[in-house]
Amino acid sequence: MKKRLIIILCAALLLTISQAAYAEELIYYGSSDTETVRQIQQKLKNWGYYEGRVDGEYGWMTEEAIKWFQSKNGLKADGKVGKLTLQALGIYKKGSSSGQSSGGSSDGSYSNDSDVMLLARCINGEARGEEYTGQVAVAAVILNRVEDPGFPNSISGVVYQSGAFDAVADGQINLEPYDSCVRAAKDALAGWDPTGGAIYYYNPETATNQWIRTREIITTIGKHVFCK
Amino acid sequence: MNMRNKLIIGICLTAIVALTIWGGMAVSENESLKNAMENQYQQDFETLYATMRDMAVKLEKTAASSDESFIAGQLADISKLSAEAADMIGRLPVSHISTERTVSFLSQTEDFSSAMLRSTLRGKSLSEENKEGMLAIAKSSRDFLDELNGFYEQLQDTDTSYTWTKDNTEYYLTAASENLFDSAFTDMEESFVDYPTMIYDGPFSDHLLGADYKGISGEEVSKEDISGQIAERLGAEEGDIDYAGVVEGGIRAHAFNVARGEDSIYMHYSVTGGNLLLASSSTAPSERKLSVEQAQQKAEEFMRSLGVDTMTPTYHEIYSNTAVFNFAYLQDDVRVYSDLIKVQVSLADGAIIGYEANGYYANHEVRTISTPKITAEQAERSITVDIEITNIAKALIPTPGKNEVLCWELKGTKGEDKYIIYVNAETGGEEQIFKLIEADESVLTL
């Protein structure tokens, strides 16, 4: 009996310690593919999942960020970056098409396909249930912010500015956009602005931020109020 | 105590020990996380401080210098430093609401120093006013830095009275329930109250605030009048026309939603003068039957029907079975690019499904255009790089500060690449160069 007790106790202890140790192993995964890890960290940082350094070292924070990303995107949240996760991140190894360059220069006159898709995904996340004009309006606000001195100078800078868009914070921006969102993005890039130059918008029925309600209103389109 | 009880107690003790170890590890990892974040932010803070201080120093040096080359070098650095500082601020855990003024200040500084650099490189020395403006910016920066330093020291002292609080996906530094960074920045932004009025040739120059709309004139038109116009033009029933209020940004306009079968058209008409400023259809055409030339004719007919002055096509693109044409106002033989109108034509049936004329009505007036001081041949000869010029025309192009400059527009090719070069018709200097990207049948300007 005593022997059995000891065996059971040891097993229990070992199990718990090994759990912790196992967790330690996962936490300090230590991948040697620093280049890919760096890319992963940069994207996760841009999307608000990761707050640590972009240094190519797969550590604790990186793994937490990956798990969070995985759970938000319908992937197995195990912290291991396989093909599916890489795809969801938009990281392509050599040999496949990339197209992940960021557009925008301070001259403001450069745009390319990845700008269109980024805008389209943001519209999709923020306003896919809105009427078409409402979708063009969201893209117009983003472009107005690029032109405004108080905001970042590029489309990706504006879209990923921390706290700016709910669709970025909750991962909806990573969904495949509807066709109307792509068309709306192109119209906005071509110069259509139904908001009259707005740089803020909110849904008056759901907005909790009191400050935004003090901004001067330009117009209302669908569920959103557009402001200076 | 029997064996079973001992076993149970033993397992419980083991579990407790294991959990304590595990819990201890989690807490220490949390501490590491907190440290890592704080180190990152500290570094950003320190870099921000150093960057803005360098910027202030260089502004002061520039104001004290009489050497054009030295000035040019300093201005290039100032431009870069202000951009870097703006970027740093974006990385701090402060909401964009609290940093808008600071970032605007830095963007305007970057913009201003770029504009000064451009004119210095063209041989125009900085005026006394410009130099005073620079000293004022330097002073504002230093005041801001004092505040920033004060806040930083406050953080070092009150080590135990603040925590990191998570809001959505961001971590914010809070004391009690107040976001420390946010309130500190709001206070710091007081230093920008005395920011000098800066007028220079750049997009953030103050002369652009309160600019008037040259193409808008006449009486105010009521929404009923416009409703009537729409009914006539589009053959729509009154019940299909829905008034959507006044748009109070840019050119003041009445907004309408007009139902047309499955489609819905959104429109803006200017309150003063009743001009169509914007139109957009909710549904894209389902097929492509017309040629680009046919579609262009439809666009030109439409503009004529609105009484718009002579326009010339500049470029077009095609997407979603729609041709989107860009037109510029043509005065005699000069293309006036500021007065821009865009028209979307359905390639299914030639219907006008989109229109955008805010740029046109904001800027349009008949101009007094001077004769060029250099000839077309001289402009062409000034292009010494290996580009084959295929077309030369006169153009009035907007500068970054929305002034206008008369240029020779030279279109040319270098191998597969197409370029448009704008040569100032007065000085012979190059104002702007564009490289064209042609994708599918779209001719896009880079």
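Which residues do ring pairs link into a cluster with Tyr49(A)? Here are some notes to help you find your way around.

1. The answer is Trp68(A) and Phe69(A), which ring pairs join to Tyr49(A) in a cluster. Please keep in mind that this is a predicted model. Over all chains, the structure holds 13 aromatic pairs.

2. One of these pairs is made by Phe151(A) and Tyr200(A). Their rings meet edge-to-face, 5.9 Å centre to centre and with 65° between the planes. The pair links distant parts of the chain, 49 residues apart. Phe151(A) sits in the loop between helix H6 (132–147) and helix H7 (155–159) of chain A, while Tyr200(A) belongs to strand S1 (residues 200–202) of chain A. Phe151(A) is buried because its relative accessible area is 3%, under the 20% cut-off. Tyr200(A) is buried as well, at 1%.

3. Next, look at Tyr422(B) and Phe434(B), another edge-to-face pair, with 6.0 Å centre to centre and 85° between the planes. Tyr422(B) comes from strand S14 (residues 417–424) of chain B and Phe434(B) from strand S15 (residues 430–439) of chain B, 12 residues apart. With a relative accessibility of 3%, Tyr422(B) counts as buried.

4. Tyr200(A) is worth a second visit. The charged end of Arg145(A) sits over the ring of Tyr200(A), 5.1 Å from its centre.

5. Now for a lysine: is Lys342(B) buried or exposed? Its relative accessibility is 10%, so Lys342(B) counts as buried. This residue lies in strand S10 (residues 334–346) of chain B. A polar atom of the Lys342(B) side chain lies 3.3 Å from the backbone oxygen of Ala190(A). Beyond its neighbours within four places in sequence, Lys342(B) is in contact with residues of chain A, including Gly191(A) and Trp192(A), and with residues of chain B, among them Phe325(B), Tyr355(B) and Glu356(B).

6. Finally, try helix H6 (residues 223–234) of chain B. Its 12 residues reach 16 Å from the first C-alpha to the last, close to the 16 Å expected at 1.5 Å a residue. Ile226(B), Ser227(B) and Ile230(B) are buried in H6(B). Viewed down the axis, the buried residues of H6(B) fall within an arc of 105°, so they line one face of the helix. They pack against strand S4 (241–247), strand S5 (253–260) and strand S6 (263–270) of chain B. Glu224(B) and Glu232(B), on the other side of H6(B), are exposed. Just after the helix, Gly235(B) takes a positive phi of about 60°.

Methods:
Residues numbered from 1 in each chain as written. Chains lettered and ligands numbered in written order. Predicted model: local features only at pLDDT ≥ 70, side-chain atom pairs only at ≥ 80, totals over all residues. Heavy atoms only, no water. Helix = DSSP H or I, 4+ residues; strand = E, 2+ residues; numbered from the N terminus. Buried < 20%, exposed > 50% of the residue type's maximum accessible area, 1.4 Å probe, protein only. Polar contact = N/O pair within 3.5 Å; in protein donor to acceptor, adjacent residues only side chain to side chain. Contact = heavy atoms within 4.5 Å. Phe/Tyr/Trp six-rings, centres within 6.5 Å; stacked < 30°, edge-to-face > 60°. Lys NZ or Arg CZ within 6 Å of the ring centre and 35° of its normal. Expected span 1.5 Å × (residues − 1). Arc of directions from axis to C-beta.
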